[in-house]
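Let's take a walk through this protein together. Keep the 3D view open and follow along as we go.

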Amino acid sequence: MSFLLEVRRLRLLAEFATRGTVAATAEALHLTGPAVSQQLTALEKESGVPLLEKRGRTLHLTSAGQLLVDHARVLLDNLAAAESDLAALRRGERGTVRIAAFPSAARTLIPLLWPDPYAAGHQAPTLHLVEHEPEAAEAALLRHRVDIAVTHSYSLLPRPLPPGCESRPLFDEPVFLVLHPADAAAHRLAPGEQADLARFADACWLLPSPDTACHDMTQRVCGAAGFVPRTVVSAGDFAVLAALAARRAGVALIPRLALPAPTPELRFHPLSTPVRRSVHALYRTGTGRHPDTRHVLDRLESAARTSTASEHAGLPQPPRPPASRPGG
């Protein structure tokens, strides 16, 4: 038995899966709650299987409902891409790819995408960039405000892959202890030596802002070393933390991509218990096949190879742990 599913109802079901409640779905789509419920009921009749079930006072997707949502997201993303491309052709314009990236990637990785010559007969898309921490980047991706989210996760602080998304790994990098040479000497840390953070339990610590994964990473690493860091600075920019470390204000943990250029006032030490950060590009399921999105993803991989090969090439490397799945 064949049946037709209305795209607008599939869009509503996908929005319900993202928002979680009928009220939030109605607000997002500028509808009433009863109108949303009516359309969901009609979609169930069209599909011929239960899509929603009540648990207590709230509605939840059934396994069939989740399966339909997964297919709907692919269909809706491809439909949106087709509409966008047709609109661009009518206006004689190139396609546009919107990227969200965390600050150090936005500073070092994304600029390598410009300028972009035309490649293999494909006119390069226009790029739009917005700077977001990983959580906000993922939210923007799920709300269709961006097409690609460049995010990161730490080896001891993994992030699950958002529903309806795919991931392309870009690179994996170590985290370093950054401090003034005099502070290193005071803690009996020789040049090039791996840092045992337990030695720095009494140090002043320079931490990223509390609303970032990097802040949680520092707290988690110090906790694993047996102490709570005594925070004297909280700042949203790793460059601020490095500048203060150079003035002997304290010590900081900084991923390789965010390290400043080496100076006599700063020393970078790998950790005796390595911590790594995985950087990856997320995109909604199915959209990676779109020529513009695929083009930018390929360029991101190339830019990642260039950036990691040239950035701080002489830094010491800690032992490399077994690779972990980005986003998992």
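**A tour from strand 3 to helix 9**

In this predicted model, a good place to begin is Ile99, which stands opposite Leu129 in strand 4. That pair belongs to a parallel arrangement: strand 3 (residues 96-101) and strand 4 (residues 126-131) are joined by six bridges. Strand 3 also runs parallel to strand 5 (residues 148-154), and here three bridges make the connection. Within this second pairing, look for Ala100, which stands opposite Ala149 in strand 5.

Now zoom out to the whole chain. You will find 10 helices and 11 strands. Of its 328 residues, 46% count as buried. Among contacts between residues at least 6 apart in sequence, 76% join residues at least 24 apart. The accessible surface comes to about 16,100 Å², with 56% of it belonging to carbon and sulfur atoms.

Next, turn to helix 9, which spans residues 238-246. Which of its residues are buried? They are Phe238, Leu241, Ala242 and Ala245. These four lie on the same side of helix 9, because they cover an arc of only 95 degrees around the axis. Their cover includes helix 8 (213-224) together with strand 6 (165-179), strand 7 (204-208), strand 8 (230-235) and strand 9 (252-255).

Both ends of this helix deserve a look too. At the N-terminal end, Asp237 acts as the cap, with a side-chain oxygen 2.8 Å from the backbone nitrogen of Ala239. After helix 9 comes Arg248, whose phi is positive, near 65 degrees.

Conventions:
Residues are numbered from 1 along each chain as its sequence is written. This is a predicted model: local features need pLDDT of at least 70, side-chain atom pairs count only at pLDDT 80 or more; totals for chains, interfaces and linings use all residues. Side-chain values use heavy atoms; hydrogens and water are left out. Two strands pair if DSSP finds at least two bridges between them. Helices (H or I, at least four residues) and strands (E, at least two) are DSSP runs, numbered from the N terminus. Buried means under 20% relative accessible area, exposed over 50%, partly exposed in between (1.4 Å probe, protein chains only). Contact means heavy atoms within 4.5 Å. Accessible areas come from the Shrake-Rupley method with a 1.4 Å probe; for residues, only the protein chains shown count as cover. The arc is that of the directions from the helix axis to the C-beta atoms. A polar contact is a pair of N or O atoms within 3.5 Å; within protein, one must be able to donate a hydrogen and the other to accept it, and residues adjacent in sequence count only if both atoms are side-chain atoms.
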